[in-house]
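Here are some short exercises to work through with the model open in your viewer. Try each task before you read its solution.

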Amino acid sequence: MTGIDTLPPLREVIATHGLSARKSLGQNFLLDLNLTAKIARQAGDLTGCDVLEIGPGPGGLTRGLLSEGARHVLCIEKDSRCLPALQEIAQTYPGKLTVMEGDALEIDPLAHLTPPIRVAANLPYNVGTELLVRWLTPPQWPPFWQSLTLMFQREVAERIVAQPGTKAYGRLAILAQWRSEARIAMQLPPGAFTPPPKVSSSVVHLTALPEPRFPADPAVLSRVVAAGFNQRRKMLRASLKGIAPDIEDRLLAAGIKPTDRAEQIPLEGFCALAREVARK
Ligand code: SAM
């Protein structure tokens with residue numbers, strides 16, 4: 001889209017600042033500003049919102065978020081080579097972009113953000129999954145974020161939205177769906193990125209629910225789900241043996257057949273079981 005802003009095209013930005021992609025930082029850049037604006041739109045109405053962006057790189061998605069009207073964008077980038085390019089964006093949008101250099105796994109950005117807050121990121125997949133799990137398991141609910149709009153490799157995206165009875169269904173689906181509404185918002189082929197990764201990607205959009213779908217203690221639920229899926233081929237009476245000596249009774253009290261496998265149990269069943277396990 002010409003006229004998205006007055007900045008140079010991203011290929012030029014990359015050439016000017018010598019931003020050759022580094023594999024070690026998981027750098028696969030989005031250079032099409034039409035596409036980054038489209039991804040920014042998946043994040044919802046940004047006017048009146050602060051946006052936390054992790055891993056802006058040369059700033060394609062950052063420019064999309066700003067052109068879509070974000071009140072303020074705070075971005076965290078590990079690669080110091082990207083900072084001059086990001087500063088140029090900050091100058092084009094005075095007072096609207098703050099850039100922090102560092103590792104998003106170590107920085108706590110909350111002091112710099114004002115609610116309502118949305119999160120958007122195109123991150124290396126391992127960092128993305130680690131952050132997603134952290135964002136879904138805060139000490140208190142509702143979390144600091146209203147929504148998360150995140151790029152994942154397609155297989156991980158499918159695990160986030162997976163339903164019972166499928167191979168993709170597991171801990172990530174339960175974590176995500178217990179306290180948020182999760183959906184795949186966009187599919188992207190490898191060729192959308194420079195350089196192209198080996199796999200296809202998907203943008204996942206998660207909206208925080210005000211309350212979990214079913215009551216359960218988060219730590220107990222997490223323990224039960226981890227034990228169940230760590231040995232997903234086993235019957236629950238075997239995989240959950242370590243959770244409680246009378247696990248068969250507790251499974252039955254939760255309305256679950258002890259011979260079922262984790263893969264067959266819907267979210268509601270896991271929450272009922274977590275409540276039974278928490279009972280003295
Ligand atoms: N958002 C840009 C885009 O869409 O073109 C860049 C995407 S690239 C897949 C991932 C970006 O995350 C890179 O700029 C990389 O330097 C940055 N990054 C990698 N690990 C990071 C970390 N732990 N904390 C912050 N940024 C990180």
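**Exercise 1. Locate Pro195 and describe the peptide bond before this residue.**

Solution. Step one: Pro195 is found in the loop between β8 (193-194) and β9; strands (E, at least two residues) and helices (H or I, at least four) are DSSP runs, numbered from the N terminus. Step two: the bond that joins Thr194 to Pro195 is cis, and omega is about -10 degrees.

Before going on, a word on the source: this is a predicted model, where local features need pLDDT of at least 70, side-chain atom pairs count only at pLDDT 80 or more, and totals for chains, interfaces and linings use all residues. Residues are numbered from 1 along each chain as its sequence is written, and side-chain values use heavy atoms, with hydrogens and water left out.

**Exercise 2. Find the cis peptide bond that leads into Pro142.**

Solution. Start in the loop between α5 and β6, where Pro142 is found. The bond from Trp141 to Pro142 has omega near 5 degrees. For background, most peptide bonds are trans.

**Exercise 3. Trace the strand order of the open sheet.**

Solution. The 7 strands follow the order β4-β3-β2-β5-β6-β9-β7, and their pairing is mixed; two strands pair if DSSP finds at least two bridges between them. At the edges are β4 (97-101) and β7 (180-188), each pairing on one side only. Now step inside: β5 (residues 117-122) and β6 (residues 147-153) run parallel and are joined by 5 bridges. Here Ala120 stands opposite Thr149 in β6.

Next, add helix α5 (residues 125-136), which packs on the sheet and touches β2 (50-54), β5, β6, β7 and β9; contact means heavy atoms within 4.5 Å. The direction of α5 makes about 150 degrees with that of β6, using axes fitted to C-alpha atoms (for helices over the stretch in contact) and angles from 0 to 180 degrees between N-to-C directions. Helix α2 (residues 33-42) lies across β6, β7 and β9 (201-208), at about 165 degrees to β7.

**Exercise 4. Describe the interface of domain 1 and domain 2.**

Solution. First, set the bounds: domain 1 is 10-208 and domain 2 is 218-278, from an automatic or database domain assignment. Then count: 11 residues of domain 1 are in contact with 14 residues of domain 2. The buried area is about 970 Å², with 70% from carbon and sulfur atoms; this is the accessible area (1.4 Å probe) that two parts lose on being put together, summed over both. On the domain 1 side, Tyr169, Ile174 and Trp178 lose the most area, together 54% of what that side buries.
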